[in-house]
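Hi everyone, thanks for coming. I'd like to walk you through one structure today, so let's put it up on the screen.

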Amino acid sequence: MRYRRYNIYMTNELTIIGAGPAGMTAALFAARGGTRVTLIEGNASVGRKLLVTGAGRCNLSNDHVCAERYTCGDPQWMEEVLAQFGIADLLAFLPTIGIFTYATHDGWCYPLSESAQTVVDAFYYALVQEGVRLLLDHKVTAIRNTSGGFEINFKTQRPVTCKHLLIAAGGAAYPTLGSRGTLFPILKELGHTIRPVVPALAPVTCDMTPYQKLKGVRFDARVRLFEGKTLLAETTGNLIFTEWGLNGPAVMDLSHHISTRPGGSLRLELNPLFASEEALRLLARKNRRSATPLAVLLGAALPPKVPSVVLPMAGVAERARMEQISDIELEKVFTLLTALPFKVTGVRGFEYCQVSAGGVPVSEVDPLTMRSRVVPNLQLAGETLDVVGPCGGYNLHFAFSTGAIAGMANRDASKPER
Ligand SMILES: Cc1cc2nc3c(=O)[nH]c(=O)nc-3n(C[C@H](O)[C@H](O)[C@H](O)COP(=O)(O)OP(=O)(O)OC[C@H]3O[C@@H](n4cnc5c(N)ncnc54)[C@H](O)[C@@H]3O)c2cc1C
């Protein structure tokens, strides 16, 4: 008790900047461990970005979460994070604050309510219940390293001082929701390296001249990204054609490879027949001399607009009958349909992306505690770190995991855990 009375920075206190999923999870774990928590948020409410996730349904995590699915400077680091707080840990934690979940057949995990609002409400009332001090509408403009602690400055309010600080202020994606990357220069001043912050999980802009008629068409495809002849990355998923390029998980998952190579000569190849090529070839063989148009046969696996665009590209008339097409022409159609080429021009900006890549490299943070290896008494969690997961709940999982680990590292050992 003497110690606590005379030390103005009590060791069982934690100040957190950012009431997103990472900051709120950290606050709850620390508070449940007996730590007094102050949670600072620039918005007037908590979890603004969480509210729009999963198109309002909040894709919380994924049954298949594993280190290999993340783009992270050190896979071993990521493994250590997930070993401490993986999917089972998250699914055990969420019901304790009133969030029940289910997973789709492909593992995407959602709240049973299918409502991000209920998730934000559950977090908010859990924070209140645990006695977390909330400073809303507090935009941090500067952080000064004081002797043994930090002074946090705001746009309008009086500064706050603390000894233990966790920065969970997100990245630079979707700036209207609060995270604008404004703390990166501050982190740099404090001594951290900041990797260039670029859009990730963003729509991809391409030369769509040959594909204008496909605007609005959506299908599943295997997508490969090439730089010259080098295959950079490959995904499979849903995508949609727009007038400026391609959107949807299949291309968004590749976008950070594009935004980190500005000016690169990049090409996408789409294979919408990745699951049906064999069956379609068989169908074509059976109908080789028939009067059925090739476009009709391709309709077994593709939206009808696709053959009408691709057949002329392969030099075949849109309504050509199977009996009129040569073997070489047929092969040309299949070759094109398994590698539809797109010249990449870039990615859409931060306003349209789901996360940002870049920020603090994981090598500067201890995965067992989220403590900075550069600045004493500082922790970092969530999107502020240079880690990108694919669509499907991976990024929220990362925010929850790193938040939970940071919060647990602040537990007051003298108090019983709740
Ligand atoms: C449209 C959209 C849909 C998405 N859907 C999904 C999905 O379904 N599943 C999924 O896994 N991921 C999804 N994501 C990504 C996911 O939202 C992020 O990975 C996650 O929110 C990151 O959590 P965080 O706590 O690190 O950062 P954030 O959620 O960004 O929270 C950081 C908080 O810090 C506050 N802050 C920032 N700077 C300051 C400052 N200077 N002073 C005070 N406060 C500050 C911000 O206001 C914010 O509330 C989506 C993202 C978007 C934009």
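Let's start at the ligand, where helix 13 is the biggest contributor to the surrounding shell, giving four residues. Please keep in mind that this is a predicted model. Helix 13 covers residues 394-408, and helix 2, at 21-32, also supplies at least two residues of that shell. Which residues come nearest to the ligand? Out of the 38 around it, those are Gly18, Gly20, Gly170, Gly178 and Gly382. If you sort the shell by class, you get 17 nonpolar, 16 polar and five charged residues.

Now let's move to a pair of helices. Helix 11 spans residues 305-313 and helix 12 spans residues 327-337; their axes come within 9 Å and cross at roughly 120°. That angle makes the two helices oblique to each other, and helix 11 passes helix 12 in a right-handed crossing. On the helix 11 side, the contact is made by Val310, Leu311 and Met313, and helix 12 brings Val333, Leu336 and Leu337. What classes of residue make up this contact of helix 11 with helix 12? There are six nonpolar residues, with no polar and no charged ones.

Last stop, the sheet. Here three strands make an open, antiparallel sheet, in the order 3-6-5. Strand 3 (61-62) and strand 5 (101-103) are the edge strands, each pairing on one side only. Strand 5 pairs with strand 6, residues 108-111, over three bridges in the antiparallel sense. If you'd like one pair to find on screen, look for Tyr102, whose bridge partner in strand 6 is Tyr110.

Thanks, and I'm happy to take questions!

Notes. Residues numbered from 1 in each chain as written. Predicted model: local features only at pLDDT ≥ 70, side-chain atom pairs only at ≥ 80, totals over all residues. Axes fitted to C-alpha atoms, helices over the stretch in contact; angles between N-to-C directions. Parallel < 35°, antiparallel > 145°, perpendicular 65-115°, else oblique. Left-handed = near helix turned anticlockwise from the far one by under 90°. Contact = placed C-beta atoms within 7 Å. Nonpolar A, V, L, I, M, F, W, Y, C, P; charged D, E, K, R; others polar. Near = placed C-beta within 6 Å. Pairing = 2+ DSSP bridges.
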